[in-house]
Amino acid sequence: MTKRKLIILSHDAMVREDVLARIDSPAFSYLLESGTWIETTKTIWPSITYPAHSSIISGRYPDRHGVFHNDHFYPGDPDPRWNWDAKYFHGDSLFQAAKRAGLTTAGVFWPVSGNHPYVDYLISEYWPQSPDESFIDCQRSMGTSEEVIRDIIEPNLPENEQFVRMHPDADQFVIDCACSMIRKYRPDLLVIHPADIDANRHRNGVFSDPVREAVRRAAKWTQQIITATRDAGTFADTVFVVMSDHGQVDLDRIMSPNVFFCRKGLLSVNEDGSFGDWTCYLRSTGITAEVYVEGADDTTFAGRARYAANLRKTRAALEELKDDPRFAIDRILTSREAEEELRLSGPFSFFLIGKGNVAYSNILKGGLEMQFDTSAFQTAFATHGMDPDFGPQPTAIFSGPGVRRGLRIPRRPIVDIAPTCAKLLGLDLPDTDGTAVDELIEPEDENPPYRIYGVTGRSGSGKSRFAKVLAEKLGCERIDIDEIGHDATKDPAVIEKIRRLYGDGVLGADGTIDRKAVGRIVFESAERMGEYTTITWAYMQRVLSEILARTKGPIVFEWILLPISGTFWNRANPKILVTADTEARKKAVLERDGITGDYFDQRDGGSLDYGRYDFDAVVENDYRPETLEEAADRILTAFSPF
Ligand SMILES: [Zn+2]
């Protein structure tokens, strides 16, 4: 197996409907056609970002990885710090598994990754804690290396230092940094977490115009990541996992149970926000909530008795809240019930589950019902934290080497993502709660050796002639992949995708693609070129798969566009390079194509460096017919299919 790489791109709060809305975007249409779509994933309790991402990376539930909330809290703390630091995460994950296997790891804004000892190239999700702290200083304090600061952060840092708490500025920075890491370090495992869709849903509602714009940006960013792997020469080896952590639902109202506790005399607050005497305190996870009861950690005999009394008082207050329909409480679970039923544990004593469209605030003062407030995720116009089966669902697309093409799977638990990634990378990640999604993994023995003979070489090297000789000796078909690339521009589905992206101006009078008009557009920017290549490559992959499905014996594939044809190139065994002296090639091309020597030099100078690829055999062509005959015999002896 070729050494694979894997990128998890987690678009926070993206849902299945978003993928459908942008299904024609170059990136999503490519990923869906070339890969497997797990249309919905069942996230974890509570369905909020830090616990969910900890489950995505570990394949385990919060009762085992220990991240049960976004922030790190003790009762009475008016301004808790978030669980930015990896020390709050317990146990094994894909990061450790990758390092055990000697792979390189990278993360950009992945939650709970600060100071992570197993992430080589790290920019964790963290932001300055005071106006005096610069972004670079804050990242340095979370374990980002000077190398990453110099190579990745500094060249991409926006002028406005406030960018990190703004969307989409922060997310564009995240994507730019991830692309730089791909090009510079080519990490084996890279995890990325933009949060633009999530932020826009909170502020504007689940399905709103700003959210549609955010989804459009997410598709564009996904394309940017794919393009970066092409630039790095790692596209062919890379498994893309484009996914999300939870959905969101629109809210009817926000209720404040702590105000009720204050009125009942169960909670009192000092001027500075710290607690005075308290019996219970509710800490919101959006549409669900943890309820803390005073004395839970007091193990003395008197302490146990006091805690039991506090529990009874709290239970009675919660039952009273449950009777008030405005609070929309569906269930009150004890901490033991939460652990057994929801796989959620923490130092809280009760866990409240709301009915779905009412969220809970943490606030201590004011009325029982509060105005929407977008400064906290719990109290915005839309939020999450709800039952993982409720509302629009998160989603996951897998594409790349080893992933089945065009498969759709309706639903899988989100804890299955990590074991699946581990299996695709050949990593050992034992003792997960989830299991690998085996049906999306292509069995290795589908491509036995000496089935796909891959032939490549520079212009004029004689690779076509050699491929023909080889195919004749094998008695099999010879497929020119460059020709399939040309056919792509005549395919109605490809034409329609390109027309939608670039307008009617790219079509000729006969309704087919005007290659010159498209050329003018795509050569103007790397982004455009990336989109165009992704669209045509989706077509080429489909045709190549169909050819492989209908042929049984050996087949000779001839490549010219080596890096973009990668996924199939990787399956070729043997891989054969045809080379020839530059002057001889030039003479051959000038005779064949009737071009000038200058034009050849220009074209040849810009073409690929084959040096970075491994070949099983090299054919040195001197343009005598018997040379290619002999080389073919030699290769068929060494790599015999018979
Ligand atoms: Zn999230």
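Analyst: Helices (H or I, at least four residues) and strands (E, at least two) are DSSP runs, numbered from the N terminus. The model is predicted, so local features need pLDDT of at least 70 and side-chain atom pairs count only at pLDDT 80 or more, while totals for chains, interfaces and linings use all residues. Residues are numbered from 1 along each chain as its sequence is written.

User: Which helix holds R550?
Analyst: R550 is separated from Y360, 190 residues away along the chain, by 58 Å between C-alpha atoms. The helix that holds R550 covers residues 526-550 and is α19.

User: Is R550 buried or exposed?
Analyst: A residue is buried if 20 or more other C-beta atoms, placed from the backbone, lie within 10 Å of its own, exposed if 12 or fewer, and partly exposed in between. R550 has 8 C-beta neighbours inside 10 Å, so R550 counts as exposed.

User: How many residues of strand β14 are buried?
Analyst: Strand β14 runs over residues 288-293. On one side T288, E290 and Y292 are buried, and on the other A289, V291 and V293 are buried. Strand β14 is thus mostly covered, and its buried residues number six of six.

User: Which residue of β16 stands opposite V291?
Analyst: Two strands pair if DSSP finds at least two bridges between them. Strand β16 (residues 350-354) runs antiparallel to β14, joined by four bridges. Opposite V291 in this pair stands F350.

User: Which residue takes a positive phi in the hairpin of β13 and β14?
Analyst: Strand β13 (residues 280-284) pairs with β14 in the antiparallel sense over five bridges. In this pair S284 stands opposite A289. Three residues lie between the strands of the hairpin, and the one with a positive phi, near 85°, is G286.

User: Which element gives the most to the side of domain 1 that touches domain 3?
Analyst: By an automatic or database assignment, domain 1 is 5-69 + 82-248 + 390-443 and domain 3 is 447-638. In contact (C-beta atoms, placed from the backbone, within 7 Å) are 17 residues of domain 1 and 20 of domain 3. The elements giving two or more residues to the domain 1 side are α2 (26-34) and α10 (209-232). With six residues, the one that gives the most is α2.

User: How far apart are the C-alpha centres of domain 1 and domain 3?
Analyst: Along its principal axes the C-alpha trace of the whole chain spans about 100 × 50 × 45 Å. Within the chain, the centres of domain 1 and domain 3 are separated by 33 Å.

Definitions and conventions. Two residues are in contact if their C-beta atoms, placed from the backbone, lie within 7 Å.
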